[in-house]
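Trainee: I have a model open and would like to learn how to read it. Where should I begin?

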Amino acid sequence: MKVIKKALSELKHPEKNVRMHTDKQLVEFRRSVEMFGQIRPIVIDEDNVILAGNGLYETLVSMGRTEADCYVVTGLSDKEKKKLMLADNRIFDLGVDDMKAFDAVIAELGDDLDVPGYDEDLLQTLIAD
C-alpha cells in the first residue's frame, strides 16, 4: 500500500457520509493525533473524495494542518466505493473487547491513564476494582 501526502484543501467529502462524528469523538480524535500523530491514512478515490477517514479529515483541518497521509484507491465503481464506505464504518463496530486483556493492559499502564477515547476517572475506577 502506497501512502502519499495530499493537501487537505484538495480532499472532498462524499456526497453522503453515513457516519456522524460527535463533538466528543472529534475532541478525542484530536487528543489522539496530538499524542501519536496521524497513524492511519485517509482513504480517497482518484477524484480525492474521502472514502474512509472523514472524522480524521475534520480533526486535521480543525488543528490547522494543511496536508495528510492518504491512500488512493483506484478502479472502483461508484457502487464499490459506497460499499467500501459502509464496510469501513461497520466492520470496526463488530469487534468486541477482551475485558481480561483490557484490564491487564490498563494495570500495566499504572498511573498513566491519559488514553484518548477513554475517561481517565473511569479507568482509575476500573483499576481500583
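Mentor: Begin with the inventory: this protein has five helices and four strands. The model is predicted. Starting at the N terminus, the order of elements is β-α-β-β-α-β-α-α-α. Along the principal axes, the C-alpha atoms fill a box of roughly 50 × 30 × 25 Å.

Trainee: In what order do the strands of the sheet lie?

Mentor: Order in a sheet is read from neighbour to neighbour. Here the sheet is open, its four strands run β1-β4-β2-β3, and the pairing is mixed. The edges are β1 (3–7) and β3 (50–52); each has a single partner strand, so one side of each has no neighbour in the sheet. On average, neighbouring strands are turned by 50° against each other, direction ignored.

Trainee: In which sense do β2 and β3 pair?

Mentor: Strand β2, residues 42–45, pairs with β3 in the antiparallel sense, over two bridges. As an example, Val 43 has Ala 52 of β3 as its bridge partner.

Trainee: Which strands does helix α3 touch?

Mentor: Helix α3, residues 78–93, packs on the sheet and touches β2 and β3. The direction of α3 makes about 40° with that of β3.

Trainee: Next, the interior. Which residues make up the largest nonpolar core?

Mentor: The general idea is that in soluble globular proteins, nonpolar side chains tend to be buried together. In this model the largest nonpolar core has 12 residues, among them Leu 8, Leu 11, Val 33, Ile 42, Ile 44, Tyr 57, Leu 60 and Met 63. Two or more residues come from each of β2, α2 (54–62) and β4 (67–73). The most come from α2, which gives three. There is also a second, separate core of five residues, including Leu 51, Ala 52, Val 73 and Met 85.

Trainee: Take one member of the largest core. Leaving aside neighbours within four places in sequence, which residues is Leu 8 in contact with?

Mentor: With that exclusion, the contacts of Leu 8 are Ile 42, Tyr 57, Leu 60, Val 61, Arg 65, Thr 66, Glu 67 and Ala 68. Of these, Ile 42, Tyr 57, Leu 60 and Ala 68 belong to the largest nonpolar core, as does Leu 8.

Trainee: And Thr 59: buried or exposed?

Mentor: The cut-off for buried is under 20% relative accessible area. Thr 59 has 2%, so Thr 59 is buried. This residue lies in helix α2. Beyond neighbours within four places in sequence, Thr 59 is in contact with Leu 26, Phe 29, Arg 30 and Val 33.

Trainee: How many aromatic pairs does the structure hold?

Mentor: The structure holds one. The ring centres of Phe 102 and Tyr 118 are 5.6 Å apart and the planes stand at 45°, so the pair is tilted. Phe 102 is in helix α4 (residues 99–109) and Tyr 118 in the loop between α4 and α5 (120–128), so the pair ties together parts 16 residues apart in sequence. Phe 102 counts as buried at 16% relative accessibility, whereas Tyr 118, at 37%, is partly exposed.

Trainee: Last, the whole protein. What share of the residues is buried?

Mentor: Buried residues are 28% of the 129. The protein exposes about 9000 Å², and carbon and sulfur atoms supply 54% of that area. For contacts between residues at least 6 apart in sequence, 76% join residues at least 24 apart.

Methods. Residues are numbered from 1 along each chain as its sequence is written. This is a predicted model: local features need pLDDT of at least 70, side-chain atom pairs count only at pLDDT 80 or more; totals for chains, interfaces and linings use all residues. Side-chain values use heavy atoms; hydrogens and water are left out. Two strands pair if DSSP finds at least two bridges between them. Axes are lines fitted to C-alpha atoms, for helices over the stretch in contact, and angles run from 0 to 180 degrees between N-to-C directions. Contact means heavy atoms within 4.5 Å. Rings of Phe, Tyr and Trp (its six-membered ring) pair if their centres lie within 6.5 Å; planes under 30 degrees apart count as stacked, over 60 as edge-to-face and the rest as tilted. Buried means under 20% relative accessible area, exposed over 50%, partly exposed in between (1.4 Å probe, protein chains only). A nonpolar core is a set of buried Ala, Val, Leu, Ile, Met, Phe, Trp, Tyr and Cys residues joined through side-chain atoms within 4.5 Å. Accessible areas come from the Shrake-Rupley method with a 1.4 Å probe; for residues, only the protein chains shown count as cover.
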